[in-house]
Amino acid sequence: MRLRLPAALFLLVASGSAGAADLVVSAAASLTDAFRAVGAAYEAKHPETHVVLNFAASDVLLRQIASGAPADVFASADQTAMDKAAAAKAIDPATRQDFALNRLVLIVPRGNPAKVSGTGDLAGPGVKRVAYGDPASVPAGRYTRAALEQQNLWPAVAAKGVLAQNVRQALDYVARGEVEAGFVFATDATVAHDRVVVAAVVPTPTPISYPIAVVASSKQPKDAAAFEAFVQSPEGRRILAGFGFQAP
Amino acid sequence: MDGIWVPLALTLKVALWATAINLVLGVAVAFGLARWRSPAREVVDSVLTLPLVLPPTVLGYYLLVLLGRRGVFGAWLDRLGIELVFTWQGAVIASTLVAFPLVQKAARAAFEAVDPQLEDAARVLGLREMAVFFRVSLPLAARGITAGALLAFARALGEFGATLMIAGNLPGRTQTLSVAIYAAVQAGDDRTAGLMVAVVSATCVVALLLAGWLAPGRARRVRS
């Protein structure tokens, strides 16, 4: 009886550390729902592996990996973040592949209080705030800036910008009605389709393609490569398609 | 370098406002609690201390749910033309809330340390209750209250979690130093982040030194 509490405490502490079969997948915030499903499907096929998912803005994940975070797979929402990872020698460049395509959309809260029907309306007085990811660290924000720069709307929108830490935070700001409009990926808008409405699909100067790679410092590169192969397999592609991602 | 002045000025504005509000609110509540004889007193005290132990994200969530446009009081505030989410006033509310217990606790201890006989003497000499408070109790407790206010100022300077949730990250408008540091680190801009970290650290050290110097314990030691 007396031993039980210390033993329970030990188990509690010990259970927090990663086991040998943990495969840590650092994935862009926009992949949250899709990669949860992919991870579960992968675990069903590889019961010896436990997939640990880590979601954040791509540049945050990159910073973590470059600082020595024990990740095995890195999936980012744009090539810029993956290029930075390659430049920092944080990934194995031979394993880098594009695995999904997405689109940038302009979303408004349900009811569309500011009557926004396209990016041109954002400069008007009815729109006080626009949410998008911080272009310095969030791919969706970089796509937003590039798209609006092409339409000569960037300065007008940036003056109303609410910078989100990742694309899902921008989605949340719009869903809560705290901003009149926001920029997210089409797949994010689908997740919150009961609370946000897509006002327009926004063309981007470069296609929105998601790269994936094995982390250079991974202690289990074979498992990591197997996960990457699963993402690219017909089953992985089917799961991603179910969440609105297109094949590259 | 110029990137640091705007968030610094905003941070000081927010922290000063939060400290000023807490001086009035915290002192009033502390005086009430110090003089109130009721078993409910400690319950009220505990609830008011919650911001000290609750995660700031929890406080931020409460604020967002209460004060957001679609929040409990949101529509009502909207009608009054008051906007708090994504404004610097929202940041003041967040900082005020997290720093409140620091002033309240220090002020209550300071009021309880005031010798009631001095207050009674003032009453006997014909001072009204308001005058007793402002001319006897408050001056005697001032040192402890100031120490609490400095701690609250330091806490407000560094407030991050609740601020980010309610005031967001709007450069030039709600981007305080803590939020700017977070954004700079995420973007890999270590130079800017390092500079801002140094400024916040130095300011907090000065505030803590002042608070320690003013703390009642030290004062007694100096006098004896």
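**View 1. Gly177(A), just after helix H7 of chain A**. In this predicted model, Gly177(A) adopts a positive phi of about 75 degrees. Its position is just after H7(A).

**View 2. Helix H7 of chain A, residues 167-175**. Nine of the nine residues in H7(A) are buried, so the helix is largely enclosed by the rest of the structure. Val167(A), Arg168(A), Gln169(A), Ala170(A) and Leu171(A) are among the buried residues. Asp172(A), Tyr173(A), Val174(A) and Ala175(A) are buried too. The list includes Arg168(A) and Asp172(A).

**View 3. The two domains of chain A**. Domain 1 covers 4-101 + 209-242. Domain 2 covers 104-202. Taken over C-alpha atoms, their centres are separated by 28 Å. Each domain gives 15 residues to the contact. On the domain 1 side, helix H2 (32-45), H3 and helix H4 (79-87) each supply two or more residues. H3(A) has the largest share there, with three residues. By class, this side of domain 1 holds seven nonpolar, five polar and three charged residues.

**View 4. Where chain A touches chain B**. Here 13 residues of chain A are in contact with 13 residues of chain B. On the chain A side, two or more residues come from each of helix H3 (58-66) and strand E7 (161-164). The largest share is that of H3(A), at three residues. This side of chain A comprises five nonpolar, two polar and six charged residues. H3(A) thus appears in two views: it gives three residues to the side facing chain B, and three to the side of domain 1 that touches domain 2.

How values were computed: Residues are numbered from 1 along each chain as its sequence is written. Chains are lettered from A and ligands numbered from 1 in the order in which they are written. This is a predicted model: local features need pLDDT of at least 70, side-chain atom pairs count only at pLDDT 80 or more; totals for chains, interfaces and linings use all residues. Two residues are in contact if their C-beta atoms, placed from the backbone, lie within 7 Å. Helices (H or I, at least four residues) and strands (E, at least two) are DSSP runs, numbered from the N terminus. Ala, Val, Leu, Ile, Met, Phe, Trp, Tyr, Cys and Pro count as nonpolar, Asp, Glu, Lys and Arg as charged, and the others, Gly among them, as polar. A residue is buried if 20 or more other C-beta atoms lie within 10 Å of its own, exposed if 12 or fewer, and partly exposed in between; C-beta atoms are placed from the backbone. Domain bounds come from an automatic or database domain assignment.
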